[in-house]
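Visitor: I'd like a close look at the part around one buried side chain, please. Start there, and then walk me outwards to the helices and rings in the rest of the model.

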Amino acid sequence: MDKTSTRLSLPVSPREFGFYVNGAFVPAGPREVFSRNSPGHDVPVTLIPKCTADDLDMAVSVARTAFDDRRWSGLNGQARAAVLLRAGALIRERAEEIAYFETLENGKPISQARAEVGGCADMFEYASGLARSLHGDSFNNLGDGMFGLVTREPVGVVGIITPWNFPFLILCERVPYILASGCTIVAKPSEVTSATTLILAEILTEAGLPDGCMNVVTGSGSTIGQALIEHPDVDMLSFTGSTAVGRRVVEAAGRTNFKKLGLELGGKNPQIVFADADLEDAADGVAFGIGFNTGQCCVSGSRLIVERSVADAFAQMVRAKFARVVVGDPLDEATQIGAITTDAQNRTILSYIEKGQAEGARLICGGEQMDFGRGQFISPTLFGDVTRDMAIAREEIFGPVLTIMPFDTIEEAIAIANDTEYGLAASVWTKNIDKALMVTRRVQAGRFWVNTTLAGGPELPLGGFKQSGWGREAGIYGVEEYTQVKSVHIEIGKRSPWIG
Ligand code: NAD
């Protein structure tokens with residue numbers, strides 16, 4: 001990891017990981033090993049075991065025991081908070097290592113990975129407070145003979161399945177909140193980005209988390225992921241990924257033990273720009289909203305809906321922003337847009353760019369595979385003359401592809417924004433408070449930004465309306481999701497008899 005000028009160097013050899021059960025790494029041993037190549041450089045960077053179904057059973061059984069014997073849920077909030085705080089400090093200590101592996105496996109720019117890791121430490125620090133403040137309710141108004149309590153209890157063993165776009169961030173939007181509630185965890189990261197999940201498990205042990213409370217199994221979605229969603233001893237599953245796999249998660253829960261589900265799925269998120277907006281700010285925000293993480297964000301602002309009187313001028317402003325954004329080597333500190341994470345995703349994005357042109361949309365800029373040596377890169381792409389029925393306007397592309405549609409009235413802007421099966425996020429750009437509030441109220445989305453985009457932090461909850469998912473992560477809501485509510489009626493004095 002030597003630093004030469006502003007560019008980190010590639011590792012001399014791939015780092016070998018075991019999977020993580022009961023407070024320790026388990027070496028791959030006789031198991032098959034997956035060799036992950038950096039999408040920005042096409043060189044091997046990590047070696048990850050392909051766990052077996054037996055490995056998963058072992059991890060779930062360890063998490064089950066750790067939950068049932070109350071080694072974690074039985075501690076007081078202060079003790080749980082102390083572990084989460086120490087974990088936050090250790091993440092900060094190892095931030096450079098985590099950011100490096102995140103960039104190597106995912107292809108995102110190193111500067112961005114560093115910022116994300118700082119945000120993840122913050123999640124742990126914030127959730128530590130929630131471990132202490134989590135509480136129920138009481139009812140003192142039930143008459144002199146009765147007192148009512150509502151308590152919150154941890155759900156139990158939680159499975160976490162994460163995608164490859166923000167392997168560490170999405171994990172850290174869940175793990176500290178789940179641990180704050182007292183649950184234990186079996187996590188399965190995406191097969192192509194497992195390293196930082198394994199590093200987090202090691203950090204948690206060092207921070208004092210009792211063994212067995214955080215376990216990580218690695219391997220493919222179709223084997224280990226499917227076995228996890230079907231597992232009868234998993235009480236709750238937090239799934240983040242595509243809507244297609246989300247559907248399988250719901251089916252599996254219905255077929256097996258009706259495990260509680262949290263689902264964070266896809267999005268096709270609108271960016272509504274009114275003529276009275278600060279257009280310079282809006283153009284920069286719109287470029288950021290689709291360029292950040294190469295558009296591989298569930299909350300990427302991929303549908304630009306602009307007031308007709310400024311639509312053409314605004315398209316040119318976004319185009320000028322795209323022309324200046326720095327695409328390139330993810331290990332270079334100056335890079336703003338890195339590599340596309342997987343070959344399959346690269347092909348998907350390029351096929352949508354072709355489809356958009358075939359459907360009659362006008363390519364205003366971008367649309368090309370860029371050549372920076374052996375990695376896979378796509379230039380930020382802007383389509384005009386887009387209609388609501390086109391695939392590029394309806395389907396989640398998960399790449400740096402932006403479509404523009406004009407509107408004439410606020411009602412039309414709201415209708416276009418809501419014309420999607422998804423409801424994850426939305427942004428509105430205007431200096432008129434009435435318009436901002438009306439749009440914020442009426443567009444269906446779990447996260448909203450006014451005169452900004454992609455802002456976030458540990459306090460505010462995340463989650464979607466419509467087919468973007470169920471439940472919320474982060475904030476106080478994020479801890480409460482992983483609890484179940486128990487109501488307790490307590491008789492005071494002598495009970496009035498049923499049989500006299
Ligand atoms: P994906 O659904 O293919 O995979 C996500 C995870 O599910 C991976 O760990 C994968 O191994 C696992 N998986 C695959 N098949 C499985 C099965 N049959 N059973 C159980 N697990 C299985 O998604 P992806 O390609 O990794 O990520 C891209 C998608 O994720 C996009 O649709 C994006 O919108 C969505 N996403 C949503 C959010 C959010 O918070 N809403 C965040 C990031 C990504």
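Guide: Happily. Leaving out residues up to four places away in sequence, Trp429 touches Gln271, Ile272, Val273, Phe274, Ala277, Asp281, Ala282, Gly285, Val286, Asn451, Thr452 and Thr453. Please keep in mind that this is a predicted model. Trp429 itself sits in strand S23, which covers residues 425-429. With a relative accessibility of 4%, Trp429 falls under the 20% limit and so counts as buried. One of its partners, Thr453, is 24 residues away along the chain, and the C-alpha atoms of Trp429 and Thr453 are 9.4 Å apart.

Other aromatic side chains are worth a visit too. Counting ring pairs gives 8 aromatic pairs. One of them joins Trp164 and Phe398 edge-to-face, with 5.5 Å from centre to centre and 70 degrees between the planes. Trp164 belongs to the loop between strand S10 (157-161) and helix H5 (167-172), and Phe398 to the loop between helix H13 (391-394) and strand S21 (401-407), so this pair ties together parts 234 residues apart in sequence. Trp164 and Phe398 are both buried. Phe166 and Phe292 make a stacked pair, because their planes meet at 25 degrees, under the 30 degree limit, with the ring centres 6.1 Å apart. Phe166 shares the loop between S10 and H5, while Phe292 lies in the loop between helix H10 (279-291) and strand S16 (303-307), so here the parts tied together are 126 residues apart in sequence. Phe166 has a relative accessible area of 7% and is therefore buried.

Rings also bring us to helix H3. Phe17, Tyr100 and Phe101 are linked into a cluster by ring pairs, and both Tyr100 and Phe101 are among the buried residues of H3. H3 runs over residues 95-106, and its 12 residues should span 16 Å at 1.5 Å a residue; the end C-alpha atoms are 16 Å apart, so expectation and model agree. This helix is mostly covered, with 10 of its 12 residues buried. Besides the two aromatic residues, the buried set includes Glu97, Ile98, Ala99, Glu102, Thr103, Leu104, Glu105 and Asn106. Just past the end of H3, Gly107 has a positive phi of about 90 degrees.

What does H3 pack against? One partner is helix H7 (residues 195-206), with axes 9 Å apart and an angle of about 160 degrees. That angle is over 145 degrees, so H3 and H7 are roughly antiparallel. On the H3 side the contact is made by Glu97, Ile98, Phe101, Glu102 and Glu105, and on the H7 side by Ala195, Thr196, Ile199 and Ile203.

Next comes helix H2 (residues 77-93), which packs with helix H4 (residues 110-133) at an angle of about 170 degrees and with 8 Å between the axes. H2 and H4 are therefore also roughly antiparallel. Residues of H2 in this contact include Gly77, Arg80, Ala81, Leu84, Gly88 and Ile91, and they meet residues of H4 including Val117, Gly118, Ala121, Phe124 and Ala131. The 17 residues of H2 should span 24 Å at 1.5 Å a residue, and its end C-alpha atoms are 24 Å apart, so the two values agree. Buried in H2 are Gly77, Arg80, Ala81, Val83, Leu84, Ala87, Gly88, Leu90 and Ile91. Those buried residues pack against H3, H4, H5, helix H6 (175-181) and H7. Arg80 deserves a second look: this residue lies over the face of Trp72, at 5.9 Å from the ring centre.

Our last stop is Cys51, in the loop between strand S7 (44-49) and helix H1 (53-68). Its relative accessible area is 8%, so Cys51 is buried. Setting aside neighbours within four places in sequence, Cys51 is in contact with Phe19, Arg31, Val217, Thr218, Gly219 and Ile224. Thr223 lies 172 residues from Cys51 along the chain, and their C-alpha atoms are separated by 8.9 Å. Ile224 is one of the buried residues of helix H8 (residues 221-230), along with Gly225, Gln226, Leu228 and Ile229. The elements that cover the buried residues of H8 include H1, S10, strand S11 (184-188), strand S13 (236-240) and helix H9 (243-255).

Methods
Residues numbered from 1 in each chain as written. Predicted model: local features only at pLDDT ≥ 70, side-chain atom pairs only at ≥ 80, totals over all residues. Heavy atoms only, no water. Helix = DSSP H or I, 4+ residues; strand = E, 2+ residues; numbered from the N terminus. Expected span 1.5 Å × (residues − 1). Buried < 20%, exposed > 50% of the residue type's maximum accessible area, 1.4 Å probe, protein only. Phe/Tyr/Trp six-rings, centres within 6.5 Å; stacked < 30°, edge-to-face > 60°. Lys NZ or Arg CZ within 6 Å of the ring centre and 35° of its normal. Axes fitted to C-alpha atoms, helices over the stretch in contact; angles between N-to-C directions. Parallel < 35°, antiparallel > 145°, perpendicular 65-115°, else oblique. Contact = heavy atoms within 4.5 Å.
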